[in-house]
Amino acid sequence: MSTTTIHVCTTCRAPGETLEPREARAGFRLWRSLQRHAVAGEVVINPVECLSVCKRPCTVALSAPGKWTYVYGDLVAETATAIILAGAALYGAAPDGIVAWRSRPDALKRGVVARLPPLEPEPSA
Ligand code: FES
């Protein structure tokens, strides 16, 4: 089974938050919380700067080799960590990354932004 990567936008800002300090931004706080609570070996937490979903902070994406990638927004930094980790566990257990709608945490039902097909291997020349 492939390891799930949680890409976390560290530059997302909650409404009313200022640009600086960057460490105070909602996305940065969410990244730090995921780092603290994720179980090593189960998921990889990957900080990224912007997933182009800036109007729906906070934003994360779940990906793994050979699986669909899911992008989620509208996540609240203070409450999203357990939701994201629960969603990542379901994603990790799904062979193609597709988790049944009824099984997803509510915040991930409401917050889904996009899903992208698995990357295909490069065709041989
Ligand atoms: S700043 Fe977070 S998605 Fe753009």
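Two strands are said to pair when DSSP finds at least two bridges between them, and in this predicted model the strands β3 and β4 meet that condition, pairing in the antiparallel sense over three bridges.

**The chain as a whole**

The protein chain contains three helices and five strands, and, read from the N terminus, these elements follow one another as β-α-β-β-β-α-α-β. The radius of gyration is 14 Å, close to the 14 Å that the globule rule gives for 125 residues, so the chain is as compact as a globular protein of that length. Taken along the principal axes, the C-alpha atoms fill a box of roughly 45 × 35 × 25 Å. Of the 125 residues, 37% count as buried. Among the contacts with a separation of 6 or more, 65% come from residues 24 or more positions apart.

**The sheet**

The five strands form an open sheet in the order β2-β1-β3-β4-β5, and the pairing within the sheet is mixed. Its edge strands are β2 (43-48) and β5 (112-116), each of which pairs on one side only. On average, and with direction ignored, neighbouring strands of this sheet are turned by 20° against each other.

Strands β3 and β4 form a hairpin with five residues between them, and Gly66, which lies in the turn, has a positive phi of about 80°. Beyond this hairpin, β4 (residues 69-72) is also joined to β5 by four bridges, and these two strands run antiparallel. The table sets out residues of β4 with the residues that stand opposite them in the neighbouring strands.

| Residue in β4 | Opposite residue | Strand of the opposite residue |
|---|---|---|
| Tyr70 | Arg115 | β5 |
| Val71 | Ala114 | β5 |
| Tyr72 | Val60 | β3 |

Val112 offers a closer view of an edge strand, since this residue lies in β5. Is Val112 buried or partly exposed? With 15 C-beta neighbours inside 10 Å, Val112 counts as partly exposed, because a residue is buried only if 20 or more other C-beta atoms lie within that distance, and exposed if there are 12 or fewer. Leaving aside its neighbours within four places in sequence, Val112 is in contact with Tyr70 and Tyr72. Val112 and Val60 are 52 residues apart in sequence, yet their C-alpha atoms are 9.8 Å apart in space.

**The helices on the sheet**

Helix α1 (residues 26-37) packs on the sheet, where it touches β1 (4-9) and β2, and its direction makes about 150° with that of β1. At 1.5 Å a residue, the 12 residues of α1 should span 16 Å, which agrees with the 16 Å between its end C-alpha atoms. Helix α2 (residues 80-93) lies across β1, β2 and β3 (60-63), and runs at about 145° to β1.

Which residues of α1 are buried? They are Ala26, Gly27, Phe28, Arg29, Leu30, Trp31, Ser33 and Leu34, and these buried residues pack against β1, β2 and α2.

**The nonpolar core**

The largest nonpolar core has 29 residues, and those with the most contacts inside it are Ile6, Val8, Leu30, Cys58, Val60 and Ile84. The elements that give two or more residues to this core are β1, α1, β2, β3, β4 and α2. Leu30, from helix α1, shows how parts of the chain meet: leaving aside its neighbours within four places in sequence, Leu30 is in contact with Val8, Cys58, Leu75, Ala77, Ala80 and Thr81.

Conventions
Residues numbered from 1 in each chain as written. Predicted model: local features only at pLDDT ≥ 70, side-chain atom pairs only at ≥ 80, totals over all residues. Axes fitted to C-alpha atoms, helices over the stretch in contact; angles between N-to-C directions. Contact = placed C-beta atoms within 7 Å. Expected span 1.5 Å × (residues − 1). Rg over C-alpha atoms; globule rule 2.2 N^0.38 Å. Core = buried A, V, L, I, M, F, W, Y, C linked by C-beta atoms within 7 Å.
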